[in-house]
Number of protein chains: 2
Amino acid sequence: MTVAGVGEFGLIDRVTARLTYGESVLLGPGDDAAMVAAPDRRVVASTDVLVEGRHFRRDWSGARDVGHRAAAANLADIAAMGATPTALLVALCMPAELDTAWAEELADGLGAEAALVGASVVGGDMSASPTLTIAVTALGDLAGRPPVVRSGARPGDVVALAGRTGWAAAGYTVLSRGFRTPRLLVEAFRRPEVPYPAGPEAARAGATAMIDVSDGLLADLGHVARASGVAIDVTREAFEVPRQMRDAAQALGVDPYSWILAGGDDHALAATFPGTATLPSGWRPVGRVAEGAGVTVDGRAYEGPAGWDHFRRAE
Amino acid sequence: MTVAGVGEFGLIDRVTARLTYGESVLLGPGDDAAMVAAPDRRVVASTDVLVEGRHFRRDWSGARDVGHRAAAANLADIAAMGATPTALLVALCMPAELDTAWAEELADGLGAEAALVGASVVGGDMSASPTLTIAVTALGDLAGRPPVVRSGARPGDVVALAGRTGWAAAGYTVLSRGFRTPRLLVEAFRRPEVPYPAGPEAARAGATAMIDVSDGLLADLGHVARASGVAIDVTREAFEVPRQMRDAAQALGVDPYSWILAGGDDHALAATFPGTATLPSGWRPVGRVAEGAGVTVDGRAYEGPAGWDHFRRAE
């Protein structure tokens, strides 16, 4: 059955029937708007959009995978503020001939990823469109803490990372060369493993700045350096190249550090902490903040591609 | 200059430079997420998406018009809960060859419509896409009141309307027949005039149910009737056909009541009030709630089209 055959309201009924709601949901889908708890009188909110052919391909990822990734991209933004995600809203644009099962499985993936952090899909909208597009808005709660913004890094701070980088980019390269294995890399592209709790933990531990690594580690640290008016130097030695990644890099003729340092879409969290801080569990040091501007690797400009731009990125 | 030429970050800089921020904005664009005040520990949230060729056409509406309409569709959903909008987040998908001026003017329209109610554009995302698509999420504040949901209508309630219906549909018909006038109708399609304050006012006056009229009055009252488990009868005589609409209807061979009763996208607000309530200013009675099911006009089934479905709607 196609989405056009079921119709807008039929599809909304099918999708909402599959959702479950956490305790932050005061009013779920079905009305003009949802209502979500904002216990500390503030709400953190972020929007990310995934476009078929640019952020995902249906022959590379199942609908459930795309749901996981669309949710992860947004939930990671909330975690990167030091907040705990509470709710997702989803605008889904679909070709009329799309099978309803695709939309239903997408909702399953969105809901399952949100449930990892106790969040829920609380609302959304659907429309026909020639281009399959998923725009997600995530809401979150800071539990009374100040948000950890990009502009707080100070000279002398330690740069630390929670989660992994390079895996999604490696999986993307594998798929784009027509392979389906190594499975670990391909799965990392399909469903990022985001260290959500590391965000609030970093905030509690006194992180001075934090960012979700979506454009690539060096590019995202570049955002922090620019916003904070500082220089950041990354230590290449801090990154071990996992065996699967090394083997794939060799087979594909790629420098694995181009994945690790410049690959996006793993949604690791990068943060800066005062030099005296004890890093919370799950965080490891990868560099230093200094006076100046820009991002270097072992004190030198990085020669490879630094990240991607969603208007220029080649497929 | 095209959006691809300026690039994702360049365009984000250009657009955010044009925005202004109301007092609910605790942290605006530029970080992983925005932060918005939620004074009563709850946030109302709604998402609506506009797709080129389906919800708007660039040869019918300017970018600023589309921004006004995209914002209005979402702000009206917040008002229909009885809430005051505080913030918008915008996911904008654009063909790479789109002129940046279009995106900038769209942002102007979004910001100007939001400013009508003291709300602000606080964040978003941009991506290239073959299909120009604007997904907007609106947040709002209930000031401690319970939300006015669709399910509260009771037999004996009065059905009332704030704002106008049929104007956007008339303008749409005019444009779709290749005309550019009457200007009043065309402008109503381009920029709906939403009675935002009527939403919170209805909540304060004891409205039992409320909905934003986006699918068409009878279709949206059908949502209220179904959610509330009641019947609704609309009085045709309650609707005067304005002169411009009557003339256009005659010239185009259309029954103007098909616009008024079934046309969407004016974003009027429809609500039910206890029979004993005094309607707040700006609200006028248009029907009655009774025991039963379904929506009738003067006690009879309505023969015309009841509304539109965004997967089936003919262009």
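In this predicted model, strand β2 of chain A, residues 34-37, pairs with strand β3 of chain B, residues 42-51, and the two run in the antiparallel sense over four bridges. Within that pairing, Val36(A) stands opposite Val43(B) in β3(B), which gives the reader a convenient place from which to follow the two strands across the boundary between the chains.

From this strand pairing one can turn to the interface as a whole, where 67 residues of chain A are in contact with 67 residues of chain B. The two chains bury about 5300 Å² between them, and 59% of that area lies on carbon and sulfur atoms. Polar interactions are found here as well: the count between chain A and chain B is four salt bridges, one of which joins the side chains of Asp31(A) and Arg150(B), with 3.8 Å from N to O. Under the rule for polar contacts, 20 residue pairs are found across the interface of chain A and chain B, with both residues of each pair at pLDDT 80 or more. On the side of chain A that touches chain B, the element that gives the most is strand β3 of chain A, residues 42-51, with nine residues. Sorted by class, that side of chain A has 39 nonpolar, 14 polar and 14 charged residues.

How, then, are the two chains related to one another? Chain A can be laid on chain B by a turn of 180 degrees, with a shift of 0.0 Å along the axis and an RMSD of 0.0 Å, and that is the relation of a two-fold axis. In chain A, the C-alpha nearest the axis belongs to Arg41(A), at 2.3 Å from it. The interface residues can be compared between the copies too: 100% of those in chain A are also interface residues in chain B, so the copies meet through the same surface.

Strand pairing can also be followed within chain A, where strand β11, residues 283-290, takes part in two of the pairings described here. With strand β7 of chain A, residues 158-162, β11(A) pairs in the antiparallel sense over five bridges, and in this pairing Ala162(A) stands opposite Trp283(A) in β11(A). With strand β9 of chain A, residues 231-234, β11(A) again pairs in the antiparallel sense, over four bridges, and the bridge partner of Ile232(A) in β11(A) is Val289(A). When reading such pairings in the structure, it helps to recall that in a regular strand the side chains alternate between the two faces of the sheet.

Terms used: Residues numbered from 1 in each chain as written. Chains lettered and ligands numbered in written order. Predicted model: local features only at pLDDT ≥ 70, side-chain atom pairs only at ≥ 80, totals over all residues. Heavy atoms only, no water. Contact = heavy atoms within 4.5 Å. Buried area = accessible area lost by both parts, 1.4 Å probe. Polar contact = N/O pair within 3.5 Å; in protein donor to acceptor, adjacent residues only side chain to side chain. Nonpolar A, V, L, I, M, F, W, Y, C, P; charged D, E, K, R; others polar. Pairing = 2+ DSSP bridges. Least-squares fit on C-alpha atoms with pLDDT ≥ 70 in both.
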